[in-house]
Amino acid sequence: MNRVQGEPRRRLDAVLLLDKPSGLTSNAALQAVKRLLGASKAGHAGTLDPLASGLLPVLFGEATKFAAFLSDADKEYSAQVKLGESTTTGDAEGEVIERLPVAVTDAQIDGALAAFRGRILQVPPMYSALKRAGRPLYRLARQGVRLELEARPVDIQRLDLIRRDGERVELRVSCSKGTYVRSLAADIGKALGTGAHLCALRRTAVGGFRVEDAMTLDALRAMGPAEREPRLLPVDRLLAGLPRVELDGATAERFEKGQSVAWTGLGPGPCAIYRSGEGSLIGVGEADAEGRLRPRRLTAVPQHGMQPAEKHRQNL
């Protein structure tokens with residue numbers, strides 16, 4: 001059973017791993033999931049273009065406060081690249097502006113890929129959501145405006161040729177945030193002298209989350225409310241890669257009020273802060289070299305280590 005029109009939305013603090021279909025914007029997918037679960041507040045971590053499919057973490061309630069920890073995380077993709085054709089947008093949605101013969105071997109492709117592994121400088125595409133003077137670049141591009149964009153450093157940890165079918169190649173890409181696989185495809189085409197564009201993209205991982213654990217929209221629609229609840233993950237799964245610190249008594253209360261506290265034994269950097277004994281997430285702190293733990297992002301309500309369905313029933 002789906003949510004009835006006009007029914008009050010509920011407080012929901014959780015994470016859902018969605019397998020977004022191609023042809024749908026990330027926001028449209030988010031709104032569909034939000035309606036299905038009747039959530040009052042939701043966001044997502046890491047936009048996928050309409051052309052792309054794959055892992056889109058959907059964050060509800062207090063989880064939205066920690067979106068940056070996924071947006072900043074490394075990503076993994078399966079990319080389909082068409083050699084021999086360059087387009088205006090760098091992907092299949094653009095117009096073909098150049099066609100070149102493709103007479104390259106697999107060994108030549110491997111050699112070209114090697115040059116893009118590691119830290120590289122990448123010029124972002126004009127057809128992107130980056131802004132110039134408050135205006136998205138893609139809107140300027142549609143008006144025929146072309147700007148000189150500065151190259152930015154990105155990290156390509158893995159770039160492998162998985163298979164080839166004539167002029168179409170499948171690549172596995174593991175990369176840092178801010179990497180445009182469309183630009184990577186076009187640059188590989190230039191290096192090969194064939195031109196190229198991205199014809200399909202699937203995100204297979206974000207940080208420690210994998211698309212194999214995600215739900216499709218169709219599967220969610222086919223489920224009843226009780227079946228959907230176990231698919232929700234607790235908020236602190238977003239912080240699983242951070243050191244864990246437990247504070248008790250007055251120390252926890254000071255931290256919850258936004259005050260820094262003394263804490264030793266931590267290297268500088270972010271850490272997940274819990275209330276000792278209760279296992280409830282207080283938020284994220286930043287440890288400094290002087291032995292102080294400063295609040296960075298706090299939850300508005302305690303996030304206890306209980307199953308999502310149990311906690312949500314308390315909020316209904």
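**Salt bridges, buried and partly exposed**

Let's start with Arg-182, which counts as buried at 7% relative accessibility. This is a predicted model, and here the side chain of Arg-182 meets that of Asp-91 in a salt bridge, 4.0 Å from N to O. Arg-182 sits in helix α5, while Asp-91 belongs to the loop between β5 (85–87) and β6 (96–99), so the pair links distant parts of the chain, 91 residues apart. What about the acidic partner, buried or exposed? Asp-91 is buried as well, at 4% relative accessibility, because the cut-off for buried is under 20%.

Now step to the loop that runs between β11 (168–175) and α5 (181–192), where you'll find Lys-177. Lys-177 pairs with Asp-72, and their closest N and O atoms are 3.1 Å apart. Asp-72 lies in the loop between α2 (68–71) and β4 (75–83), so this salt bridge ties together parts that are 105 residues apart in sequence. Here both partners are partly exposed: Lys-177 has a relative accessible area of 45%, and Asp-72 has 42%.

Another pair to look at is Arg-163 with Glu-170, a salt bridge whose closest N and O atoms are 2.2 Å apart. Glu-170 is buried, with a relative accessible area of 12%. Elsewhere, Arg-11, Asp-13, Glu-62 and Lys-65 are joined into one network by salt bridges that share partners.

Zooming out, the count comes to 23 salt bridges. The protein has nine helices and 19 strands, and 48% of its 316 residues count as buried. Among contacts between residues at least 6 apart in sequence, 67% join residues at least 24 apart.

Note on methods
Residues are numbered from 1 along each chain as its sequence is written. This is a predicted model: local features need pLDDT of at least 70, side-chain atom pairs count only at pLDDT 80 or more; totals for chains, interfaces and linings use all residues. Side-chain values use heavy atoms; hydrogens and water are left out. Helices (H or I, at least four residues) and strands (E, at least two) are DSSP runs, numbered from the N terminus. Buried means under 20% relative accessible area, exposed over 50%, partly exposed in between (1.4 Å probe, protein chains only). Contact means heavy atoms within 4.5 Å.
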